[in-house]
Amino acid sequence: MKKILCLFLVFCLCFSMAGCGSEPESEENKDPVSSGQTEDSALEAAAGILKTMTLDEKIGQLLMVDVDKLVNSRKPLQEAVPELLKALDRYKVGGLVFYDQNIKGVEQIQAMLQQIKAYVAESLQIQVPLYLATQEEGGGQNSIAAQNEEIRSTGYISPSEMGKNMTEEQLEDTGEIIGEELLNLGFNMNFAPVADVAEEEKTMDTSAVEESVVAVLGKEPEYVPPAKKISKAKRKKKRRAYKKKLQAYQNRYERFVESYTEKKYCDSCFGPDEEKVSDAAAAMIQGMHASHTEDGANLCTVLKMFPGICSVAKYHKLAPVGIDTGLSRLRRVNFEPFAAGIDAGTDVVMVSHVALNKIDPQVPSSLSNVIMSDLLRKELGFRGIIMTEQMDLPVITTRYTTSEAAVKAIVSGADMIYNPENIEEAVSALRQAVQTEEIDEKVIDQAVLRILQNKILREVYPLPDE
């Protein structure tokens, strides 16, 4: 983003010549919630809304879904097509996510998001407005600005560069600029910042990756010799056909692995020092929360990827991977930036599929009661929304059914499920789990209360003036 790049250069110049003086923080910026609602009043309003909701409406609020996935679109959606609006009526999802492939330009995405908001406001089927989310870290691979000329203009800065060169004040100002730009486009939630501490990547046994790929694509084709003697010409033809089939499989294999590989995850991290990462994450959250629209709407932040995945990030979407770090070091290093982000008021914490081998081995953090309920909720004191990483990734889908993953995530402490593999199956499984008392409906109610309260506080769900 041009504004961010210019701001960055000006700050660095000022800092190097004379030191950056910071103006006193305004009263407006001190308060991350500009709706006028207090937490207590928002909770009271949320409780009143909850009483009017059906079970299916409550289950819908637990789902965060990529906009293309909601309608199983083969082409990226860049407008609010009728199929999308019908799907919103049907599933009443809590939120939609948009990536660079959905954004052709400023006017296009503004029009698309405004049409969705207007439809939801007028729909007789939908009671609760949606989170409209994207991923904008300010630069690097996870930046819509980096992929779109209308947004990017002349440059952008990755979080790793921000962490090296920016002060807390500069980071907070950058967060506010990002927030204002996203709000101007029509978004109300940002999947950022990353609170992971940058670490050297661990060597991984790729046999687990191969196992996941084979589970999806099937085994590599093998050459089957002819059952009877054939001519030399036919034998050559059969060999050529086999080689062509093998090459096609290998190409699919490579594309599949490529699509789920995290190549430069550390670029999304502010650095290797937990104290600096803590300060940077907190500053970015405060900056994003300071941004607001003319009618008072704020930007919701999603802190990720708990409990920290940098050392094993590369293949974590494909195969089960775990971190061998003990709890004492996790508390001193990995958890510190998440604690800072929680103290700064992040709305959501996203939990990854990486396991903590010395705490809850062989279970993805996104399905672990120990990780989400005991560590994140109780020990770190997080009172906001816990969201899983995408549940339609091979690391989950090759080991759990949609029903198993959805139910286990909610039972283990998640409030929102991001991209269940099959939306219909997830809704049905959660409904049945409540009806059979596998899930206490009070657990669903508590999750929905958190979501409603946050939507009211951030003016995603503006209440009428009394």
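This is a short dialogue about reading the spaces, folds and odd backbone spots of one predicted model.

Q: Before we start, what kind of model is this, and how are its residues numbered?

A: It is a predicted model, in which local features need pLDDT of at least 70 and side-chain atom pairs count only at pLDDT 80 or more, while totals for chains, interfaces and linings use all residues. Residues are numbered from 1 along each chain as its sequence is written, and side-chain values use heavy atoms, with hydrogens and water left out.

Q: Which helices and strands does the chain have, and how many of each?

A: Helices (H or I, at least four residues) and strands (E, at least two) are DSSP runs, numbered from the N terminus. Here the chain has 20 helices and 10 strands.

Q: How does the radius of gyration of the chain sit beside that of a compact globule?

A: The radius of gyration is taken over C-alpha atoms, and the globule rule is 2.2 Å times the number of residues to the power 0.38. For 466 residues the rule gives a value near 23 Å, and the chain has 23 Å, which agrees. The C-alpha trace spans about 90 × 60 × 50 Å along its principal axes.

Q: What share of the residues counts as buried?

A: Buried means under 20% relative accessible area, exposed means over 50%, and partly exposed lies in between (1.4 Å probe, protein chains only). In this chain, 55% of the 466 residues are buried. As for the surface, accessible areas come from the Shrake-Rupley method with a 1.4 Å probe, and for residues only the protein chains shown count as cover. The chain's accessible surface comes to about 22,000 Å², and 48% of that belongs to carbon and sulfur atoms.

Q: What share of the contacts comes from residues 24 or more positions apart?

A: A contact means heavy atoms within 4.5 Å. Taking the contacts with a separation of 6 or more, residues 24 or more positions apart account for 81%.

Q: How do I read the empty spaces, and how much space lies in the largest pocket?

A: Rolling a probe the size of a water molecule over the atoms shows where empty space is left. On a 1 Å grid over the protein atoms alone, a cavity is a set of points where a 1.4 Å probe fits but cannot get out; a pocket is an open set with protein on both sides within 12 Å along at least five of seven lines, and lining residues have an atom within 4 Å of a point. Grid points are joined across faces, edges and corners, and a volume is the space filled by probe spheres set on the points. The largest pocket holds about 690 Å³. It is lined by 29 residues, and Y99, Q135, N142, E262 and K317 are the closest to its centre.

Q: Which elements supply that lining, and what classes of residue does it have?

A: At least two residues each come from α8 (144-147), α13 (232-259) and β5 (300-306). For the classes, Ala, Val, Leu, Ile, Met, Phe, Trp, Tyr, Cys and Pro count as nonpolar, Asp, Glu, Lys and Arg as charged, and the others, Gly among them, as polar. The pocket lining has 11 nonpolar, 10 polar and 8 charged residues.

Q: How many cavities of 30 Å³ or more does the structure hold?

A: There are 2. The largest has a volume of about 60 Å³, and the residues lining it include M53, Q61, K92 and V128. Its lining has 4 nonpolar, 3 polar and 2 charged residues. The second largest cavity holds about 50 Å³, with 7 nonpolar, 3 polar and 1 charged residues in its lining. Helix α18 (402-411) gives the largest share of that lining, 3 residues.

Q: Is Q61, from the largest cavity's lining, buried or exposed?

A: Q61 counts as buried, because its relative accessibility is 2%. Q61 sits in helix α4 (residues 55-61). Leaving aside neighbours within four places in sequence, its contacts include K92, G94, M416 and K455.

Q: Which residues have a positive phi without being glycine?

A: Two to look at are K92, with phi near 55°, and N72, with phi of about 50°. K92 is in the loop between α6 and β2 (95-97) and is buried at 17% relative accessible area. N72 lies in the loop between α5 (67-70) and α6 (82-91), and N72 is exposed, at 65% relative accessibility.

Q: Where can I find cis peptide bonds?

A: One runs from A192 to P193, with omega near 5°; P193 lies in the loop between β4 (189-190) and α12 (207-217). Another joins K304 and M305, with omega about -5°, and M305 is in strand β5.
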